[in-house]
Amino acid sequence: MIALIRYTFATVVLTQRYLAPLLLFMGLMGVLTVNGSGPLPPAYASSAGALFVCSTWLTVALMSLDDPAQRAIVVVTSGGRPLKVLLAAIGTALLSCLVLMVFGLLFPLWLGSHTVTAADLLLGVEAQLTCALVGVAIGVLCSRPVFKRQGYALVAALALVMAALFAKGMPPVNRLFTLMATESDAAELLASAGGMLLVSALVLAVFTAIAQFVAGRRE
């Protein structure tokens, strides 16, 4: 697994497919995170939203690194286990999101003037992990192994991202953002945010299973 993750990292760096999602993340952070001195939950909701969109795009790029012939070679090299290759791509995406998450936690503190507590930081971690997991899940489901036509994959990804962001009350993303926008005390949100994090992990597991099933049938 470690070798596959290293291979995926090396390939995405050499092809520079990480640049567009990274630039999008930085741009969204600059636009959504404004100078302020208010409570941190709304600021961390903005950074989590930026990571959500970035993680979706990054995962689609990671899943589409290899053409079908090259992917078949990678699967054979990994012992004929396509699930292992899929999990390596997911692991690479999540590790990348962890790096971006550190920036998402610190950037609002540098840009604004906030009173920081341990509860604020923990809430920021929960919110960004939640959005990263859902973003990766959407990226896996809307990748090349599942959708043969990239146009259909793009439409599906946009529809799922919009639904997750704007469908009122839908867990975990919209529900989490609503809570963080209406409650300024981070300590009061930790339990609810933890519940949304569990839901996002379940979403990733389900979407991964669906993607593996569809890709397996096609291969």
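Trainee: How many disulfides does this predicted model have, and how do you know?

Mentor: The count comes to 0 disulfides. The cut-off is a pair of cysteine sulfur atoms within 2.5 Å.

Trainee: What makes Cys97 fail that test?

Mentor: The cysteine sulfur closest to that of Cys97 belongs to Cys54, and the gap is 6.4 Å. A pair has to be within 2.5 Å, so Cys97 and Cys54 are too far apart for a bond.

Trainee: And how do you know about Cys131?

Mentor: For Cys131 the nearest cysteine sulfur is that of Cys97, 10 Å away. Set that against 2.5 Å, and Cys131 is in no disulfide.

Trainee: Are those two cysteines, Cys97 and Cys131, buried or exposed?

Mentor: Buried means under 20% relative accessible area. Cys97 comes out at 3%, so Cys97 counts as buried. Cys131 has 0%, so the label is buried there too.

Trainee: Let's move on to Thr92. Where is Thr92 found?

Mentor: Look in helix α5, which covers residues 82-111.

Trainee: Why is Thr92 called buried?

Mentor: Its relative accessible area is 0%, and the label needs a value under 20%. Therefore Thr92 is buried.

Trainee: What does the side chain of Thr92 reach, and what makes that a polar contact?

Mentor: The side chain of Thr92 reaches the backbone oxygen of Ala88 at 2.8 Å. The limit for a polar contact is 3.5 Å, between an N or O atom that can donate a hydrogen and one that can accept it, so the 2.8 Å distance fits within the limit.

Trainee: Which residues does Thr92 touch, leaving out those up to four places away in sequence?

Mentor: With those left out, Thr92 touches Ile5, Thr8, Phe9 and Leu62.

Trainee: Now the pockets. How much space lies in the largest pocket, and what lines it?

Mentor: About 410 Å³ lies in there. The lining has 25 residues, and Met63, Asp66, Asp67, Arg71 and Pro145 lie nearest the centre of the pocket. Helix α4 gives the most to this lining, with 5 residues. By type, the lining divides into 16 nonpolar, 2 polar and 7 charged.

Trainee: What about the second largest pocket?

Mentor: That one holds about 290 Å³ of space. It is lined by 13 residues, with Thr56, Trp57, Val60, Leu154 and Ala157 the closest to its centre. Two or more lining residues come from each of α3 and α7, and α7 gives the most, with 6.

Trainee: How do the residues of that second lining divide by type?

Mentor: Into 11 nonpolar, 2 polar and no charged.

How values were computed: Residues are numbered from 1 along each chain as its sequence is written. This is a predicted model: local features need pLDDT of at least 70, side-chain atom pairs count only at pLDDT 80 or more; totals for chains, interfaces and linings use all residues. Side-chain values use heavy atoms; hydrogens and water are left out. Buried means under 20% relative accessible area, exposed over 50%, partly exposed in between (1.4 Å probe, protein chains only). Helices (H or I, at least four residues) and strands (E, at least two) are DSSP runs, numbered from the N terminus. Contact means heavy atoms within 4.5 Å. On a 1 Å grid over the protein atoms alone, a cavity is a set of points where a 1.4 Å probe fits but cannot get out, and a pocket is an open set with protein on both sides within 12 Å along at least five of seven lines; lining residues have an atom within 4 Å of a point. Grid points are joined across faces, edges and corners, and a volume is the space filled by probe spheres set on the points. Ala, Val, Leu, Ile, Met, Phe, Trp, Tyr, Cys and Pro count as nonpolar, Asp, Glu, Lys and Arg as charged, and the others, Gly among them, as polar.
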